[in-house]
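Student: I'd like a close look at one part of this protein, the packing of two helices. Could you walk me through it once the structure is up?

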Amino acid sequence: MSYSLLLDFGATRIKSALVDDTTGQIEHVQSRACTPAICHGAQFEIPLAELTHDFLEICKIYEGYDFKRIFVCSQMHGFVLCDEKEQPLTEYISWQDERATLPLSSGPSSWELFSNAFDSTFKEKTGMRLRSCFPVVKILDYVRQHRADYIKVLSLPEALLLVGKPSHQVHITMAAGSGMVDFTSCQPDKDMCDFLHQEGKGTKIAFNTISKQVIPAGTVEINHRDIPVYTAIGDHQCAVWGAGNTLETLSFNIGTGSQVSAICTQAPNIPQTERRHFLNGLELQTITHIPAGRVLAALMDFYHALTGRDGWEHFTAVPLEKIQQVTGRFNLSFFKDAWNYTDGGGITGLTLTDLNEPILWAELFRSFAQQYVRAANYFSPPRKQLVLSGGKLAKLPALAGFFEQELSMSVHLSAQTDETLVGLAKLAQEI
């Protein structure tokens, strides 16, 4: 019996499993909390040594099964910088790090500097809406404050392979997460590299070789054997694939963050949606950063602090008929990178008759669900089926009923609890 090891490095947890290479059966699923981040003000980074330790420890847990290969998916928009000898210059800097938005004593914030230079061209170049969470903004911040002749940009899976024997390859879905890759050429954008070179007083920016295919990215020694590790893919793409989406479905992936996506042979280039690379030469049309679990959790914490009660019980119990009676008066775009963010979230249009808890919970639920309906209107031609995936929020019965009614589509709830592991298992079966 031959196994492959599957690893999903998420923002809060690391999931792992084995897949039988013959049958495709997923076995021995485990989950563990990520190493806590070090947070000082706007700083949000994780010690690379701790992440590497987690990686090797998980591999050793499964070594008795004699797995032959390792397949990885990972959170995107985080990075490690290395020197020309691939010695780390930084820890793992998460997408949640916000230092680049702070002004420097020598001038404006790196976010302001970069957005002034590239806001009008960024989406055309990369396919993505410019956000302050992208590594390119933080790399600019680094080169403005540190003298470096050369830096190499690594995603988390690439940085973990420094403990083994890397072959210096990166998959396009992870490389594009840096915000520095041209969508058409699949190469680092020259204008951005030149801009960082200039602002860094001569810093050269380097990347591993970008591949559109999932190929060996190096090896790591486990139990005296060199095990091939394949180029990691983005967790967004992996989850969409693992949920069972096709060219005929629309994907609502609802979790800590969330996305509406559609797999395309060629994603349309329209202002309201983004283009991402996918697998097997396909592309993804998507709207990302739709406020979901992260914002709802903050609101529930606020409610608990005020009342001492569990708001989730109220939210998840709202019946569909109650949702149909309200209009949705919450704006959930509380964080700056959220889809449709303007000047923060809030509640509008309430009257005295609305000021009771059952109505407010129904308003919150409808506001949450209506975001996806609005986003779906930007996807054409209409798809035959909606695939609903993600965490506990995606499994709320009222949510599927609401979508069926509002979109006039059949809704299929992904039966997989770990869509990313299923996506990796499918990948292992193909290679």
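Student: Are α8 and α14 roughly parallel or roughly perpendicular to each other?

Tutor: Happy to take you through it, bearing in mind that this is a predicted model. Helix α8 spans residues 235-242 and helix α14 spans residues 419-430; they pack at an angle of about 85 degrees, with 7 Å between their axes. The two helices are therefore roughly perpendicular to each other. On the α8 side, the contact is made by D235, C238, A239, W241 and G242. Facing them from α14 are E419, T420, V422, G423, L424, K426, L427 and E430. Sorted by class, this contact has 6 nonpolar, 3 polar and 4 charged residues.

One of the α8 contact residues, C238, also brings us to the cysteines. The structure holds 0 disulfides. C73 has the sulfur of C238 as its nearest cysteine sulfur, 4.0 Å away, and C73 is in no disulfide, because a disulfide needs the two sulfur atoms within 2.5 Å. C73 is buried, at a relative accessible area of 0%. C186 is in no disulfide either, and its nearest cysteine sulfur, that of C193, is 15 Å away. With 4% relative accessibility, C186 counts as buried too.

For the wider setting, turn to the largest nonpolar core, which has 45 residues; F252, I254, F315, F368 and F403 touch the most other members. Helix α12 gives this core its largest share, 11 residues. Apart from it lies another core, of 40 residues, including I70, M76, L156 and A232.

Key
Residues are numbered from 1 along each chain as its sequence is written. This is a predicted model: local features need pLDDT of at least 70, side-chain atom pairs count only at pLDDT 80 or more; totals for chains, interfaces and linings use all residues. Side-chain values use heavy atoms; hydrogens and water are left out. Axes are lines fitted to C-alpha atoms, for helices over the stretch in contact, and angles run from 0 to 180 degrees between N-to-C directions. Helices (H or I, at least four residues) and strands (E, at least two) are DSSP runs, numbered from the N terminus. Angles under 35 degrees count as roughly parallel, over 145 as roughly antiparallel, 65 to 115 as roughly perpendicular and the rest as oblique. Contact means heavy atoms within 4.5 Å. Ala, Val, Leu, Ile, Met, Phe, Trp, Tyr, Cys and Pro count as nonpolar, Asp, Glu, Lys and Arg as charged, and the others, Gly among them, as polar. Buried means under 20% relative accessible area, exposed over 50%, partly exposed in between (1.4 Å probe, protein chains only). A nonpolar core is a set of buried Ala, Val, Leu, Ile, Met, Phe, Trp, Tyr and Cys residues joined through side-chain atoms within 4.5 Å.
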